[in-house]
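I opened this one to jot down what I could look up, residue by residue. My notes follow in the order I took them.

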Amino acid sequence: RKADPADIGRLLAAAARWGEARPLLADAALRPGGDQVLSGELAALAITANEHAAGVDATTLGRLHLAKARPLGAAGRSAEAMDVLEMAIRLLDGDEEAIDALGFATSVADNMQLPQRAETYAALGERQSWALGFPAKAASLLTLRGRVLSRIGFPREADRVLERGQELLEDHGDAGQKFRGRLNRSWVHLDRGEARHAETGFDRLRDEAGQLEGPVSVADKEAYWARAAFAVGRAAPALEAAGRAEESAAALGAPAPAFIAAISCAEGALYFERYDDALAAADRVMGFVESQFHEWENRARVLRARALVGLGRSEEALAEARK
């Protein structure tokens, strides 16, 4: 059979024949419909090949950086993803895919608990979307910006922006963009403690995620649905959903859904005053923080402190709160 160009590119790279490897790896990484993780690996190798034997134009190099960043973000490696995305944004300036890079950077900055930075990226992406004539992308970024504005503490403006974005998506968006618009609305409900609305929203999203985005997205939505379900008192199905999310995350090598599932279990145990279970789940959250989600240490320590208060271990709780 005919050899896969990606395999040939890898072999050439292993032999340090960078100039020959570079175009094969770049083409394979940017092939439409490719697996995200594989595309990211090939993109990283293509970037390395270009460092040894330059020959890729700026736009293609920017697209390779964007492809490299996607699996990093999906795996929760936010700081690494952001470094790659910032390079992609610079290289793609004025190109349609710069909008995608800015949207992705908004989500990553939000995950890093940098909401002001996220809002800046969203605003820049929205402006470029209108300038380049992509109303659906502008609409998607409006819903994302609404989510960030809500977290910063501007609920009225957030609602206005979200509503406008969702109206535009109804007219211009495809299925995936409408899905992400509803996701941003559901996150806002969850952030505000509007648990019943969040549960309904994430229930629909997890049903759609498999067809639209894949198994990692399903696990992610299971974990978020569990958070909402615990808050409305549905402990048993929430535990089952969190368990499914953790199992899928382990099988897929994607720790982010398992991290969210652990948070949901800690929160759920606190709702039901099961403080030993809450502390055990908070310790799992801390394990993820120590291994890779470093920017979420504050969240993990708050969960531990609340569990310790429930157990009557006030001095330990105070120490966690101070940290």
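**Aromatic pairs.** I started with the rings, and the count for this predicted model comes to six aromatic pairs. I looked up tryptophan 187 and tyrosine 224 next: their ring centres are 5.6 Å apart and the planes stand at 80 degrees, so I logged the pair as edge-to-face. Tryptophan 187 belongs to helix 10 and tyrosine 224 to helix 12 (residues 215-231), so this pair ties together parts that are 37 residues apart in sequence. Buried or exposed, I asked of tryptophan 187? Tryptophan 187 has 11% relative accessibility, so I put it down as buried. Tyrosine 224 also goes down as buried, because its relative accessible area is 11%.

The other pair I checked was phenylalanine 288 with phenylalanine 293. The centres of these two rings are 6.3 Å apart and the planes make 55 degrees, so this pair is tilted. I have phenylalanine 293 as buried, since its relative accessibility is 4%. Following the ring pairs on from there, I got a cluster made of Phe259, Phe288, Phe293 and Trp296.

**Charges over rings.** Which residue has its charged end over the ring of tryptophan 187? I found arginine 147 there, 3.7 Å from the ring centre. So tryptophan 187, with its centre 5.6 Å from that of tyrosine 224, turns up twice in my notes. I also noted arginine 206, which lies over the face of tryptophan 225 at 4.0 Å from the ring centre.

**Valine 285.** I moved on to helix 15, where valine 285 is found. Its relative accessible area is 1%, and because the cut-off for buried is under 20%, I call valine 285 buried. What does valine 285 touch, leaving aside residues up to four places away in sequence? I listed Phe259, Ala262, Ile263, Ala300 and Leu303. For phenylalanine 259 I took the C-alpha distance to valine 285 as well: 6.2 Å in space, with their positions 26 residues apart in sequence. Phenylalanine 259 was already on my page as part of the ring cluster.

**A pocket.** I then turned to the second largest pocket and got a volume of about 200 Å³. Which helices each supply at least two residues of its lining? They are helix 13 (235-252), helix 14 (255-271) and helix 15 (275-291). Helix 15 gives the largest share, four residues. By character, I sorted the lining into eight nonpolar residues, one polar and three charged. Among the lining residues I wrote down Phe230, Leu239, Cys265, Phe272, Arg274, Asp277 and Arg284.

**Positive phi.** I looked at backbone angles next. Glutamate 273 has phi near 60 degrees, a positive value in a residue that isn't glycine. I placed glutamate 273 in the loop between helix 14 and helix 15. With a relative accessible area of 57%, glutamate 273 is exposed. Glutamine 113 gave me a positive phi too, near 60 degrees, and again the residue is not glycine. Glutamine 113 sits in the loop between helix 6 (96-111) and helix 7 (115-132). I have glutamine 113 as partly exposed, at 30% relative accessible area.

**Two glutamines.** Glutamine 177 is in helix 10 (residues 175-191). Its relative accessible area is 11%, so I entered glutamine 177 as buried. Not counting residues up to four places away in sequence, glutamine 177 touches Ala136, Lys137, Ser140, Leu169 and His172. Glutamine 211 belongs to helix 11 (residues 195-212). Is glutamine 211 buried or exposed? It goes down as exposed, because its relative accessibility is 78%. I also took a C-alpha to C-alpha distance for glutamine 211 and glycine 176: 9.8 Å in space, for residues 35 apart in sequence.

**Arginine 17.** My last stop was the loop between helix 1 (5-14) and helix 2 (18-29), where I found arginine 17. Its relative accessible area is 43%, so arginine 17 is partly exposed. From arginine 17 to alanine 53 I got 8.9 Å, C-alpha to C-alpha, with the two residues 36 apart in sequence.

Technical notes: Residues are numbered from 1 along each chain as its sequence is written. This is a predicted model: local features need pLDDT of at least 70, side-chain atom pairs count only at pLDDT 80 or more; totals for chains, interfaces and linings use all residues. Side-chain values use heavy atoms; hydrogens and water are left out. On a 1 Å grid over the protein atoms alone, a cavity is a set of points where a 1.4 Å probe fits but cannot get out, and a pocket is an open set with protein on both sides within 12 Å along at least five of seven lines; lining residues have an atom within 4 Å of a point. Grid points are joined across faces, edges and corners, and a volume is the space filled by probe spheres set on the points. Ala, Val, Leu, Ile, Met, Phe, Trp, Tyr, Cys and Pro count as nonpolar, Asp, Glu, Lys and Arg as charged, and the others, Gly among them, as polar. Buried means under 20% relative accessible area, exposed over 50%, partly exposed in between (1.4 Å probe, protein chains only). Contact means heavy atoms within 4.5 Å. Rings of Phe, Tyr and Trp (its six-membered ring) pair if their centres lie within 6.5 Å; planes under 30 degrees apart count as stacked, over 60 as edge-to-face and the rest as tilted. A charge sits over a ring if NZ of Lys or CZ of Arg is within 6 Å of the ring centre and within 35 degrees of the ring normal.
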